[in-house]
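Grab your viewer and work through a few exercises on charge pairs and helix packing. Try each task yourself before reading the solution.

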Amino acid sequence: MEPQPLNEGQPDLATPLTRKLAQVVSLSAEEVAVLRDLQSTIRSVGRNREIISEGRKYDGLLILIEGVSIRYRVLHDGRRQILNITLPGDFIGFPGCFFENALYSISALTDCVVSSIPFVQLLGFFATYPRLAATIFWSFSCEAAMYAEHLIDVGRRSALERIAHFLLELLTRLQVIGLADECSYQMSLTQELVGDALGLSVPHVSRTLKQLREEDLVVIEGQRVIIKDVDTLGRLADFERTYLSRFQLSDLLAKK
């Protein structure tokens, strides 16, 4: 589908990226306008279509405005490792834009809407809107922190701890952009997807989800994930949301 402009007259914080960054620093009206312009041209990507293909060259980034996508690598024997689930408000294509070709593929898990931005334009913000540029690059740091947690998942956490941590991380990320309440969210989580994200077999995922359900901690009803006891599940998973939450950036970038 051809790129098209966003609807005029949207609320200033209408897009997930703007809402997410506004929780890090207090955005000025000018910065909000810049973000709105940054996401003004959009295109749709159908479910299961590739957004970025491994091995191809890209000179820019995409902002996911609607939908859910997955970043993954398929090995030569067909096994798939999901590296991350990309949610509305996330950037797509980082850090691949630094390399000659994309390192991983990104596919639309649902119907998606994305907006493209040349990387050179983003770098230009350091000269024109340095506070906004630093806030955007803070989001890249959060992504790096998530990869570190995922490495701990596969290296040291049990299957029960992995799945609990995975579900809580999604809850926290979706809450930031207003797509989850205190204990539940909508997400198409197949057992295959969970297994490919956490390095577990489908039968192992099935047994673990059954255990969480029997212990009255988690219920998955269709595409609805309900965490019945967030605190207990957090203790089980040793989940610390600090790697996803606000930190001293707001103080460092405080207006003078």
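The exercises below use a predicted model, and each one comes with a worked solution.

**Exercise 1. Find the salt-bridge partner of R79, then classify both residues by exposure.**

Start with the general idea: side chains of opposite charge can pair when their charged atoms come close. A scan of the whole structure turns up 11 salt bridges. For R79 the partner is D77, with the closest N and O atoms 2.7 Å apart; the cut-off for a salt bridge is 4 Å. Next, look at exposure. R79 has a relative accessible area of 52% and is exposed, because the class begins over 50%. D77, at 43%, is partly exposed.

**Exercise 2. Take the salt bridge between D90 and R173: are its residues buried or exposed, and where do they sit in the chain?**

First, the distance: N to O is 2.6 Å for D90 and R173. Second, the location: D90 is in the loop between β6 (80-86) and β7 (91-92), while R173 belongs to helix α5 (residues 159-176). The two are 83 residues apart, so this pair links distant parts of the chain. Third, the accessibility: D90 comes out at 13% and R173 at 10%. Buried means under 20%, so D90 counts as buried and so does R173.

**Exercise 3. Do the same for D181 and R224.**

Here the N to O distance is 3.7 Å, again within 4 Å. D181 lies in the loop between α5 and β10 (184-186) and R224 in strand β12 (residues 224-227), so the salt bridge ties together parts 43 residues apart in sequence. Both ends are partly exposed: D181 has a relative accessible area of 39%, and R224 has 29%. One last step on shared partners: salt bridges join K20, D90 and R173 into one network.

**Exercise 4. Describe how helix α2 packs against helix α4.**

Two packed helices are described by the angle between their axes and the distance between the axes. The axes of α2 (residues 29-38) and α4 (residues 130-156) come within 10 Å and cross at roughly 55°. That angle makes α2 oblique to α4. As for handedness, the crossing is right-handed. Now list the residues that meet: E31, V34 and L35 from α2, and R131, L132 and I136 from α4. Sorted by class, the contact has four nonpolar residues, two charged ones and no polar ones.

Definitions and conventions. Residues are numbered from 1 along each chain as its sequence is written. This is a predicted model: local features need pLDDT of at least 70, side-chain atom pairs count only at pLDDT 80 or more; totals for chains, interfaces and linings use all residues. Side-chain values use heavy atoms; hydrogens and water are left out. A salt bridge is a side-chain nitrogen of Lys or Arg within 4 Å of a carboxyl oxygen of Asp or Glu. Buried means under 20% relative accessible area, exposed over 50%, partly exposed in between (1.4 Å probe, protein chains only). Helices (H or I, at least four residues) and strands (E, at least two) are DSSP runs, numbered from the N terminus. Axes are lines fitted to C-alpha atoms, for helices over the stretch in contact, and angles run from 0 to 180 degrees between N-to-C directions. Angles under 35 degrees count as roughly parallel, over 145 as roughly antiparallel, 65 to 115 as roughly perpendicular and the rest as oblique. A crossing is left-handed if the near helix is turned anticlockwise from the far one by less than a right angle, and right-handed if clockwise. Contact means heavy atoms within 4.5 Å. Ala, Val, Leu, Ile, Met, Phe, Trp, Tyr, Cys and Pro count as nonpolar, Asp, Glu, Lys and Arg as charged, and the others, Gly among them, as polar.
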